[in-house]
Amino acid sequence: MTDETIARKSGSDPDSPDFDAPVERHGTWSARWDKYPRGVIPLWVADTDFRVPPAVEAALQRRLRHGVLGYSVPPPELRAAVVERMQRLYRWKIEPDWVAFIPGVVPGLHLAARHLMRAGDHALVPTPVYHHLKRAVELARRAHSEVPLALHAGRWVFDEERLAVAVRPESRLLFLCNPQNPGGTIFRADELRRLAELALRHNLIVCSDEIHADLLLDEGKPHIPVASLSAEICQRSVTLISPNKAFGFPGAGCGFAIIEDPELRRAFQSDNHATVHDASIFGYEAALAAYRECDGWLAAQLAYLRANRDLVEREVAAMQGLAMAHVEATYLAWIDCSGLGVADPQAHFLARGVALSPGAQFGDARFVRLNFGTQRARLAEALARMQGR
């Protein structure tokens, strides 16, 4: 029986998906798998090696059977599903017209930097952080300050004193990544309230990348959209969300921004059909199926990722020269390699047959980022290689 057959059979029951079933990704135009030679285990780009939920696959197949793939508009049903989900998960009441659909969260970051700031404005960008938060302001040619996060009690959090000092009279935009990529922190309500208070005090817009909001590994630690904290901060927030990561279809991208203030929303959408196109019809179909039908599948995936996370933390703790903070959310491990005494940790592990993301991409060359969203047997082999076994 082939890997593909195993994967198809294991994915047929949405209540008991088999995430151990291998799926061959070489030769499928995969950014992650086709970059390196066969034999290298690629744990870098943040997509998973799991098949999409059966309901998502079925929705895409229905659309293909229809046979017409013309221009499409955002489905009212998906807009309603977003509204319902925000209320059910976060007790955040939003209106349907606050939702602006985009191809993914990355375009949203760039739209915020280009259209919610003017020439001469200044942005605050945390570091380490997913590189497109910084790239967005660089390409928009907007001034910015990097605000280092601090490792406090095993969690990557804002150094609030340094953040306060970094604010300038011309500061306009504060970027937030919650849950934090690459550090894995789920920001708590008190931490978010202090960020919101700072934003309101200095008349800042908060652009919050919340793409990992569904990937919560620590039970009892809820995700809280910063915009949901008060009516005041909601008026000054752009919340970027997408089902792409949690439900495994970034290649059929669909995301959305939740923006209450009409002027901010108009400015954010001013590039529509200019440099940014609509989400694809496949993204709409996948997102709607994910939000309507796949909560059980998501819970099963989280249990699997939780065990993968625990394996990574145990193995890294046993490796001389490596350290990492506890991962509360995401399927990404931010590993401190400063104890290895090597100039290029990414190259060091690549020589052992494991491709990781270089820490310099996120703001600290002493680290690497490891994607543990893969089959456990493959992950165990990669960790053994990293240890030199």
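**Figure 1. Pro358 stands opposite Val368 in β14.** This is a predicted model, in which local features need pLDDT of at least 70 and side-chain atom pairs count only at pLDDT 80 or more, while totals for chains, interfaces and linings use all residues. Residues are numbered from 1 along each chain as its sequence is written, and side-chain values use heavy atoms, with hydrogens and water left out. In this close-up, β13 and β14 (residues 367-371) run antiparallel and are joined by two bridges. Strands are DSSP runs of E with at least two residues, helices are runs of H or I with at least four, and both are numbered from the N terminus. Two strands pair if DSSP finds at least two bridges between them. Stepping back, you will find an open sheet of four strands in the order β10-β11-β14-β13, with antiparallel pairing. Its edge strands, β10 (323-324) and β13 (357-358), each pair on one side only. As a reminder, strands of a sheet pair through backbone hydrogen bonds, either parallel or antiparallel.

**Figure 2. The second largest cavity has a lining that includes Val157 and Phe158.** The other lining residues are Glu160, Phe187, Glu191 and Leu195. Two elements, β5 (155-158) and α7 (189-201), give two or more residues each to this lining. By class, the lining has four nonpolar residues, two charged and no polar. Here Ala, Val, Leu, Ile, Met, Phe, Trp, Tyr, Cys and Pro count as nonpolar, Asp, Glu, Lys and Arg as charged, and the others, Gly among them, as polar. The space inside comes to about 50 Å³, and the structure holds three cavities of 30 Å³ or more. A cavity is a set of points, on a 1 Å grid over the protein atoms alone, where a 1.4 Å probe fits but cannot get out; lining residues have an atom within 4 Å of a point. Grid points are joined across faces, edges and corners, and the volume is the space filled by probe spheres set on the points.

**Figure 3. Two cis peptide bonds are shown here, one before Pro128 and one before Pro179.** Thr127 is joined to Pro128 with omega at about 5°. Pro128 sits in the loop between β3 (122-127) and α5 (131-139). At the other site, the bond from Asn178 to Pro179 has omega near -5°. Pro179 belongs to the loop between β6 (171-177) and α7.

**Figure 4. Trp29 and Ala153 have positive phi values.** For Trp29, a residue other than glycine, phi is near 65°. Look for Trp29 in the loop between α1 (3-10) and β1 (41-42). Trp29 counts as exposed, with 83% relative accessibility. Ala153, also not a glycine, has phi of about 50°. Ala153 lies in the loop between β4 (143-152) and β5 and is exposed, at a relative accessible area of 72%. Exposed means over 50% relative accessible area, buried under 20% and partly exposed in between, using a 1.4 Å probe and protein chains only.

**Figure 5. The whole chain, with 14 helices and 14 strands, gives the close-ups their setting.** The radius of gyration is 21 Å, close to the 21 Å that the globule rule gives for 389 residues, so the chain is as compact as a globular protein of that length. That radius is taken over C-alpha atoms, and the rule is 2.2 Å times the number of residues to the power 0.38. Buried residues make up 55% of the 389 residues.

Technical notes. 1 Å grid on protein atoms, 1.4 Å probe; cavity = no way out; pocket = protein on both sides within 12 Å on 5 of 7 lines; lining within 4 Å.
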